[in-house]
Each structure stands twice: as C-alpha cells, then as structure tokens.
Amino acid sequence: MPTLPSHLGWLLMEAPTLLVPALIFHRGKHAAAAAPRLLLLLFLAHYFHRTLLYPLRLSRRSSSSTPMPLVTAVLAALFNALNTYIQLRWISHFGFYPERWIHSAQFAIGAFLFVAGMAINIWADGVLIALRKQRSSAKESVSYRVPYGGLYEFVSCPNYLGEIVEWLGWAILTWSPAGLGFFLYTVATLAPRACAHHRWYVDKFPDYPRGRTPLIPFLC
Ligand SMILES: NC(=O)c1ccc[n+]([C@@H]2O[C@H](COP(=O)([O-])OP(=O)(O)OC[C@H]3O[C@@H](n4cnc5c(N)ncnc54)[C@H](OP(=O)(O)O)[C@@H]3O)[C@@H](O)[C@H]2O)c1
C-alpha cells in the first residue's frame, strides 16, 4: 500500500481547508459582513496551523514518525473539502449573522472556547512532538513514551480534548446545524480514539499513572 511521510500526508489531507474558502467564501451573499468574516478568520486560524504549521512541526522531529497510507490522506482530503464547503457556505450564505452577533454573550463564550481549545490542542500536540525529538536525539529503541505535565497529569489525550473544546466553541459561535454536525463528528472520531490510546498506554507502561482518564479529567 503506498504511503507518505506523515507531514506530507497532513499537508495533503488538510490543504482543502485553505483552498475551498478561497474559492467559495466571497460568493456568499453575507460575505462582506463583519460577523461572517470574523468566523472565517477563526476557521482559517485553526486550519493555517493544522495545514501548514503542524506538518512543519512534525517534519522537524525524528524521521521515525509513522508513514500515512496515501488512501487515508486522499479520503481525509475529500472529507475536509466537503466539511469546509458546508461550514463556509453556512457562515457566508445560508446563515445570518448581523453585527450585533459579535457583541453577544454567546459569541464571547464560543470564541473563548474556540481559542482556549486551540491553545490546549497546539500545546498538547507539541508535548508529543517533543517526545519524538527526545527519542531521536537519544537514539532509544522505544518509540513511544509517557507524556507528563499540565493536562497530561489528568488525561491521556489532551490534544483531542482541546480539539473537541474548539469545535464546541465553533458550534456555539455559529449556532448552526453545520457547526453542531462537525462538533458531533469530532466527538465521534476522537472519543473512541482517546479510549484506544488510553488502553494502549495502560497496557504498554506498567507504571502508567492510574489517576489519568482518557479524555475528560476525573470523568472518562
Ligand atoms: N477534528 C477531527 O475530527 C480530528 C481528527 C483527527 C485528528 N485531529 C487532530 O489532529 C492532531 C493529530 O491527531 P493524531 O490522531 O495523529 O494524534 P496522536 O495519535 O496523538 O499523534 C500525534 C503525533 O504524536 C506522536 N505520538 C503520539 N503519542 C506519542 C507518544 N506517547 N510518544 C511519542 N510520540 C507520540 C504520533 O506519532 P506516530 O505518528 O508515529 O504515531 C503522531 O505523529 C490532533 O491535534 C487531533 O486533535 C482532529
């Protein structure tokens, strides 16, 4: 099965999230309004990092990262193209966000969750990337290590928790079927993955901290 280095896989599968907005946002009947533009800015901030900076961060670590099957990258790119189309068509055309939306408490709560979730996600991914760098420089034979510090003291996958909080913020910000749908999709994708990662850590590392939960501190 053909594979790609993981950083190139990420670049390929996330590229539509930056290309589709350039093609369709300006066609929306509300594209010139302030609130849709602010929503676009938040969306692009997430995907500028995910598409360009995250692969760059991955590429600068050890070359030992797991390659990505080409078919995974292509299917994910198709999903991202469709999802980006739906989100951006909603905010620029089908949804209606007058300027007072920006000054509402709901917008403030959504924006706070989005930015806080993104900060958690970027930080937590950085911890994992740094573990790989350590491995590379020490030439150890074990690929994976137990991450420590910050939210890692409470949950196994704070990167997924941050991502989920981010898209919860988006669902609140856009208050739309499109935003809710993507939030539910993200939970459905990342919650089982967090449980699987957690089980794997517990099985592989006998001294894995017992107090950690997979995704939500103290709960599950
Ligand atoms: N919105 C969504 O639905 C969605 C879906 C998927 C992913 N994402 C986001 O995309 C990002 C990456 O997701 P992912 O599933 O690839 O994350 P992941 O499984 O946690 O892996 C992240 C990277 O860190 C490495 N890594 C993981 N655990 C490690 C450990 N204990 N020691 C050393 N290295 C370790 C992995 O290396 P290997 O590649 O070698 O395993 C991988 O390259 C996350 O921020 C996630 O939130 C979002």
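The crossing of α3 and α6 is left-handed, and it makes a good place to start in this predicted model. Helix α3 spans residues 34-59 and helix α6 spans residues 158-174. Their axes lie 11 Å apart and meet at an angle of about 160 degrees. Angles over 145 degrees count as roughly antiparallel, and α3 and α6 are therefore roughly antiparallel to each other.

Who makes the contact? From α3 come Leu39, Leu42, Phe43, His46, Tyr47 and Arg50, while α6 supplies Glu163, Glu166, Trp167, Trp170, Leu173 and Thr174. Sorted by class, this contact of α3 with α6 holds 7 nonpolar, 2 polar and 3 charged residues.

Let us step back along the chain to serine 156, which sits in the loop between α5 (105-138) and α6. Is serine 156 buried or exposed? With a relative accessible area of 2%, serine 156 is buried, because buried means under 20%. Apart from neighbours within four places in sequence, serine 156 is in contact with His198, Tyr201, Tyr208, Arg212, Thr213 and Pro214.

Finally, a word on the annotation. The unreviewed UniProt entry carries "transmembrane region" for residues 68-86, 107-131 and 167-191. Two of these spans are set out here, with the distance between their end C-alpha atoms.

| Span | End C-alpha distance | Helix | Strand |
|---|---|---|---|
| Residues 68-86 | 26 Å | 89% | 11% |
| Residues 107-131 | 36 Å | 100% | 0% |

Key:
Residues are numbered from 1 along each chain as its sequence is written. This is a predicted model: local features need pLDDT of at least 70, side-chain atom pairs count only at pLDDT 80 or more; totals for chains, interfaces and linings use all residues. Side-chain values use heavy atoms; hydrogens and water are left out. Axes are lines fitted to C-alpha atoms, for helices over the stretch in contact, and angles run from 0 to 180 degrees between N-to-C directions. Helices (H or I, at least four residues) and strands (E, at least two) are DSSP runs, numbered from the N terminus. Angles under 35 degrees count as roughly parallel, over 145 as roughly antiparallel, 65 to 115 as roughly perpendicular and the rest as oblique. A crossing is left-handed if the near helix is turned anticlockwise from the far one by less than a right angle, and right-handed if clockwise. Contact means heavy atoms within 4.5 Å. Ala, Val, Leu, Ile, Met, Phe, Trp, Tyr, Cys and Pro count as nonpolar, Asp, Glu, Lys and Arg as charged, and the others, Gly among them, as polar. Buried means under 20% relative accessible area, exposed over 50%, partly exposed in between (1.4 Å probe, protein chains only). UniProt positions are given in the numbering used here, feature names are shortened, and annotations may be inferred rather than shown by experiment.
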